[in-house]
Amino acid sequence: MKRIAIVGGGIAGLSAAYELARTREDNSAASCTFTLFEAAPRLGGIVATERRAGFVVECGPDSWVSEKPAARTLAVELGLADALIGSNDRWRKTYLAEGRTLTPLPDGMRMMVPSNWAALLASPLLSWQAKLAYLREPKMAAALQASALENADNNHDESVRDFVCRHFGAEAADAFAAPLLAGVFGGDIRSLSARAVLPVFTQIERTHGSLILGLQARLRAAANNSAPADASIFTSLRDGLGTLIERMEQRIPAASLRRNTRVQAIERTGQQWRIRTESNGALAEEIFDSAIVAVPAHVAASLLAPLDAEMPTLLPQHASSAIVVALAFAPERAAALRIPRGFGFLVPQRQSATGHPDSQAALAQRALLACTFVDQKFPHRAPPGAILLRAFFGGHPAPALLGESDATLATLALQSLGTLLGRLPEPEFSVVQRWPLSLPQYAVGHLQRMEQLQQRAARLPGLHLVGNAYHGVGLPDLIAAGCTTARTAIGAACAQSSTAKPPATRTRP
Ligand SMILES: Cc1cc2nc3c(=O)[nH]c(=O)nc-3n(C[C@H](O)[C@H](O)[C@H](O)COP(=O)(O)OP(=O)(O)OC[C@H]3O[C@@H](n4cnc5c(N)ncnc54)[C@H](O)[C@@H]3O)c2cc1C
């Protein structure tokens, strides 16, 4: 019987554990035993839902991109088909905060790529020079494609800003790409890798040159193919994404789950792995045949350093911190609020205006990257007539706010949102969640470094790396990666064993 250790019980590690448990049920001959070590008292990592007074508050991710099927497939497999909900796309409008006003992004934008010329040209968010740059982009298709193919041949990467500038100019990069990516990665488009962060667009560039023409072709193909007309852009679960974690947990044998257990070291011992742990002050060690490391980048760096000093240098060197503050307004107070119709707003990042240390309020204002109008984006998130707002603080100023109390952060959120939405009353309750170093920054050259990392990891048989530090931060990517990693681990373990059969292959897109 082969033994597999999983270190970290976020969505990636838990998906790996669930896949191993499922494989044990399906194919006892191929069975391995496994143990998942999670430092926190609960599983799920950044996926966390709080349900209170009829509100469903997502403290981390609120949904997944419907286009990527792995999360839906998993939910259906877990018996959650009836619980799937789509975003309210008829109200799909995102605003950009400029000063104290909210201006809608043009309809039909896929990030910074337009699909609706009339809306783009009518938008007050761009100068006429920037609109001309958009109009010119399709005419440059051949040249853009040639340079994209050359870049691909030379394995050349560039920053997201450079990539967007080549297509649409600097104004579009700063007006659209910067706040959109800050809202997702809490990151800076001058350092983020175009190939790692915008894989769909870099692929479109290789095939069509023009992103506008390529997007039009994709939309036409989707309309002619399978995409149901009512497919929503985002998918979630009625009672929150925490349900996905709870259901996976139920399917994993309790004896395989060790919460409150921090892995302190992973050591090679002959062909096996020694896992050293600490739990409530007690130290222990156990031997495994494989180790799936599913912890955040900075933790992976410290666990991997003694095994190979080069590996930590290939991992993302920076991760941004986020603070989520949800404000729940019961119907009687919500009635006074005037929230525009839409999914929420993005705030372009600003430098400190004075060069002097910021006041807390000014810091919070600069750290505010986005706000979701939760009850409008999804059904079932708030009681009828109630309003649920979710502020997302991140970027460079956020770490300075992490030490503030929940009460202070809730007050700062109320004030920062109030400058854009009008004065807000005291909420019925607020939920504050801090996520330090949670969003790794895929800097230029990331994919090349991942290849090198993979090669070095392959020299340590039985060691597997998965999680948001490597090939995508979104839930569908991590679920698929967790599942694939589990199958690779069990396949490798079976290859060493004469009696075990490898698990039957199945597809999780
Ligand atoms: C605020 C926010 C909003 C987001 N919104 C979305 C969204 O809407 N849609 C989407 O698709 N994605 C979203 N993301 C991204 C996505 O949620 C994350 O990329 C994903 O959840 C990370 O999963 P993970 O398993 O890689 O890591 P984590 O969730 O960080 O899990 C790692 C686990 O390892 C544990 N651990 C750490 N050290 C040790 C140790 N030494 N020993 C044992 N265990 C350890 C941690 O406690 C944790 O449970 C969002 C992220 C944030 C921060």
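Start at strand β16, which covers residues 290–293. Its side chains point two ways: Ser-290 and Ile-292 go one way, while Ala-291 and Val-293 go the other. All four of these residues are buried. Keep in mind that this is a predicted model.

Who are the neighbours of β16? Strand β1, residues 2–7, pairs with β16 in the parallel sense, and 4 bridges join the two. Within this pairing, Ile-6 stands opposite Ile-292. Strand β22, made of residues 463–465, also pairs with β16 in the parallel sense, here over 3 bridges. Look for Ala-291 in β16: its bridge partner in β22 is Leu-463.

Now step back to the whole chain. The domain assignment divides it into domain 1, domain 2 and domain 3. Domain 1 is written in pieces: 2–41, 243–316 and 443–496. Domain 2 is given as 108–224, and domain 3 as 319–440. How far apart do the C-alpha centres of domain 1 and domain 3 lie? The distance between these centres is 34 Å.

Next, find helix α5, residues 141–153. This helix has 13 residues. From its first C-alpha to its last it reaches 18 Å, close to the 18 Å expected at 1.5 Å a residue. Which residues of α5 are buried? They are Ala-141, Leu-144, Ala-148 and Asn-151. These residues lie on the same side of α5, because they cover an arc of only 95° around the axis. The spacing rule behind this is simple. An α-helix has 3.6 residues a turn, so residues three or four places apart point the same way.

What does the buried side of α5 pack against? The buried residues pack against α6 (160–168), α9 (199–208) and α10 (211–224). The face turned away from the buried side carries exposed residues: Ala-142, Ala-143 and Asp-153. After α5 comes Asn-155, whose phi is positive, near 55°.

Another sheet is worth tracing. Three strands form an open sheet in the order β5-β11-β6, with antiparallel pairing. The edge strands are β5 (64–65) and β6 (84–86), and each pairs on one side only. Between β5 and β11, residues 234–237, there are 2 bridges, and these strands run antiparallel. One pair to look for is Trp-64 with its bridge partner in β11, Thr-235.

Finish with the cysteines. How many disulfides does the structure hold? The count is 0. Take Cys-483: the nearest cysteine sulfur belongs to Cys-32 and is 15 Å away. A disulfide needs two cysteine sulfur atoms within 2.5 Å, so a pair at 15 Å does not qualify.

Are Cys-483 and Cys-165 buried or exposed? Cys-483 is buried, with a relative accessible area of 0%. Cys-165 is partly exposed, and its relative accessible area is 23%. The cut-off for buried is under 20%, so Cys-165 falls outside that class.

Cys-371 sits in strand β19, residues 368–373. Cys-371 counts as buried, because its relative accessibility is 3%. What is Cys-371 in contact with, leaving aside its neighbours within four places in sequence? The contacts are Phe-343, Gly-344, Phe-345, Leu-389, Arg-390, Ala-391 and Leu-417. Take Arg-390 from that list. In sequence, Cys-371 and Arg-390 are 19 residues apart, yet in space they are 5.4 Å apart, C-alpha to C-alpha.

Key:
Residues numbered from 1 in each chain as written. Predicted model: local features only at pLDDT ≥ 70, side-chain atom pairs only at ≥ 80, totals over all residues. Heavy atoms only, no water. Buried < 20%, exposed > 50% of the residue type's maximum accessible area, 1.4 Å probe, protein only. Pairing = 2+ DSSP bridges. Contact = heavy atoms within 4.5 Å. Expected span 1.5 Å × (residues − 1). Arc of directions from axis to C-beta. Domains from an automatic or database assignment.
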